[in-house]
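Here's a protein to get to know, from its overall build down to a few charged pairs. Have a look at it first, then read on.

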Amino acid sequence: MYNHFYLVIWILFLISFRTLHAQSVSGRIIDQLTKKSIEGVQIGILGTHLAAMSDSSGQFTIVLSKAGTYQLHCSHPSYESMTRGFLLGMDVPTSIGLVLSPLPYQLPQEIITSARRSEENLWNIPEMMAIMDQAEISERSPRTTPELMMSMPGVWMQKTNHGGGSAILRGLTGNQTLLMVDGIRINNSTYRYGPNQYLNTIDPWTVEKIEVIRGGGAVQYGSDALGGVIQLLTVKPQFSEDKFQSSVSAQGKFMSADMEKNLRANWQLKSQKVFVNMGFSYKDFGDLLAGGELGVQAPSAYTEIDGDFKAVIRLSQKDQLSLHWQRVDQRNVSRFDQVAQRGYGLYEFNPQQRNLAYARWEHQDNSPWLRQLRLTCLGQTSNEVRAKQKQDSPILRTEQDEVSTIGAVLEHQATPINRWTIISGLDIYSDQIASIAQELNTTDSSQVELRGLYPDGASALNASIFSLHSLEFNGITLKAGLRHSLIRLSAFDLQFGGFDLRPQATVGHIAASYHLGKWHHLSSSFQTGFRSPNINDLSSFGSFDSGIEVPAQELGAERSATGELVYKFSHPQLSGSIGMYYSHLKGLIERVPTTFNGSDRYLGEAVFAKANVAAAFIRGIEMDARFALLPELELYTHGTYTFGATQEDPSSPLRRIPPLYGGTGLSWKSDNGFTARLEYRYASRQNRLSDGDIRDHRIPDGGTPGWQVLDAFWGYQWKKFQGRVGLQNLFDQAYRLHGSGVDAYGRSIWVAIQLTI
């Protein structure tokens, strides 16, 4: 394995040193008013993968492989974008002087990639979205990805344990929301009903940008996107157009009360044709110290070792190959709630592992019917081992589930006429499940092999075809799309009988956006979504918080229909959005009482099975806004209200509906490298509880109290050094996020430093 790894690195070095018989375009970019050089301008050659960034003297160079006529595009958050054509002659360097017009100090207009599977300005997206960029991620220096996302608009983060975190989008979570890394589905066919821990298996050090689309995404990405889609994007390649460059960085983070020791080493290589980024992380998390008089939440400590590798190779001006690998390995991840409240002496995930590898070929062109062609081939494994032992019991039960996934995604983008964009494609994912269990008597060392949580050898196949369209005319933008999915779920189960189900679904989306003048934008949309039953729904046999679950082998898809109205405003100093939505859900899969071997009790606990029994609705209001008080100072705020109930009885709440919540903050960035952020977060009391909430040991009697928290962050960057400090829960309030199994941090401080050489 290691020989193969070094061979790959050697090949990349050889490619990086190849001499190009090529032409180049270079130039200097200056400010129209001050005539000074502009650093950090993104320069790209349209119809190719070639790009560069201006340096501190405003200079840039881009190497092209052949002569011809090209279009060069320049963009910078503080300047008007510009596109300029130029003619490149044979073996003659071309020099261009570019002048950009400054904008009034303003808020950045984000470019996103998830909503339409292509780059698009946030202003043109009809849905409500939340985005966190690399600068903010760096400022927050997060312990985990779930904790990083807690301050994002419209995202409620439930934490069953300190090593978990399940995002609730518009009242839905678990396998009803879709997790993606670089456009690849992380959800597999064993994702559980209700909150899960899988978002925490994504190392935040590898995340450069987060995009959350709320309430949609089924047409773009398929099953599971009932609540929305969380897209986590890894490092974007940066090539060196003039010479070979290599850098090494080391960073560490330490938190008070020994709650975190986090170390990372990173190596980066840049050349004209190759970009390589490699990283290794070691993390030692201590027991969580909660606020007020709550004290230490033990056991909640665990350790983690992560690794990642990304290489992007320019095969030609129009062709690019990306290779990516990431691994997360977590050990001794305890369920504090089970030990503290459910009578367990031991309940932990050991290990919790995830591996992802993909190869992606991208071709860009100027042909109307072939703007871009992209093929991704992927492999992923998930390995989860659960160890459980009741207090005063000699029986240690161990369950292991390993899911191996292979897949491919093909995407094609065309612009047959001006202002009409088509993105079509197909994707396929195939899961193979290995599941075993055993019980060890710790008194006499006797051991019994048992059926796993799922039938060993179960499989799932998910194949889809889709087409997305966007058309602009006379200040109106129309967007529409369709996806058809074919799914096969099969298993052979000696104990409960096998199954071979082949559900399918067609979902659609239509939206209209109206440009109400220069600063205002109104959108309305309607979309349908679905979640196919998975192996977890059909074949689980084991304990959960309220009893024992037995397989249910006749299930249909959960379906949703959502209407949404969104108003957006975008002024150089003020931008924001407010949206209202209504979702109707039917065929929801829930656990219902049943029998096993003729009895409604098994091992002393009530017996349940899943069934398509529920119809419900969820409605809500979401808002966010940002205001540039000064060129260096920004005020931001957001708030979310969600109401969910069963269709039969509107007074009967859905499970885990978040309370009214939001936040307000001030962000300051100076030209000399200093940053600061003061953030206030809040949630009201949630006492509107379903029967399942009332039975949930994680929710206090009468509901979860409201809370208010103040956090502060400081940072400084000087040349190759970067330092960050965070102060959490300044007033040491004792509080818990609704539905969580652990309480939140008390007053604590962390320090993070990074040095690059």
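## How the chain comes together

In this protein, residues 24 or more positions apart make up 64% of the contacts with a separation of 6 or more. Keep in mind that you're looking at a predicted model.

Let's start with the big picture. The protein has 7 helices and 46 strands. Its radius of gyration is 26 Å, close to the 27 Å that the globule rule gives for 757 residues, so the protein is as compact as a globular protein of that length. Along the principal axes, the C-alpha trace spans about 85 × 60 × 55 Å. Of the 757 residues, 56% count as buried. The accessible surface comes to about 31000 Å², and 58% of that belongs to carbon and sulfur atoms.

Now for the charges. There are 69 positive and 73 negative side chains, and the centres of the two sets lie 5 Å apart. How many salt bridges does the structure hold? The count is 48. Here are three of them:

| Acidic partner | Basic partner | N to O distance |
|---|---|---|
| Glutamate 384 | Arginine 192 | 3.4 Å |
| Aspartate 365 | Lysine 318 | 3.3 Å |
| Glutamate 549 | Lysine 610 | 2.5 Å |

Take glutamate 384 and arginine 192, which form a salt bridge. Glutamate 384 sits in strand β26 (residues 370–390) and arginine 192 in the loop between β14 (184–185) and β15 (209–214), so their pairing ties together parts that are 192 residues apart in sequence. Is glutamate 384 buried or exposed? It counts as buried, because its relative accessibility is 4% and the cut-off for buried is under 20%.

Next up is the salt bridge between lysine 318 and aspartate 365. This pair links distant parts of the chain, 47 residues apart: lysine 318 is in the loop between β22 (302–314) and β23 (319–331), while aspartate 365 is in strand β25 (residues 344–367). Lysine 318 counts as partly exposed, at 25% relative accessibility.

The third pair is glutamate 549 with lysine 610. Here the link runs between strand β36 (residues 547–549), home of glutamate 549, and strand β40 (residues 605–628), home of lysine 610, with 61 residues separating the two. Glutamate 549 is buried at 4% relative accessibility, and lysine 610 is buried with a relative accessible area of 4%.

Salt bridges can share partners, too: Arg192, Glu384, Arg386, Lys388, Arg397, Glu399, Asp401 and Glu439 are joined that way into one network.

Finally, meet alanine 676, in strand β43 (residues 674–683). Leaving out residues up to four places away in sequence, alanine 676 touches Leu666, Ser667, Trp668, Phe713 and Trp714.

Technical notes
Residues numbered from 1 in each chain as written. Predicted model: local features only at pLDDT ≥ 70, side-chain atom pairs only at ≥ 80, totals over all residues. Heavy atoms only, no water. Helix = DSSP H or I, 4+ residues; strand = E, 2+ residues; numbered from the N terminus. Contact = heavy atoms within 4.5 Å. Salt bridge = Lys/Arg side-chain N within 4 Å of Asp/Glu carboxyl O. Buried < 20%, exposed > 50% of the residue type's maximum accessible area, 1.4 Å probe, protein only. Rg over C-alpha atoms; globule rule 2.2 N^0.38 Å. Areas by Shrake-Rupley, 256 points an atom, 1.4 Å probe, with all protein chains shown as cover. Lys, Arg positive; Asp, Glu negative; His and termini not counted. Charge placed at Lys NZ, Arg CZ, Asp CG, Glu CD.
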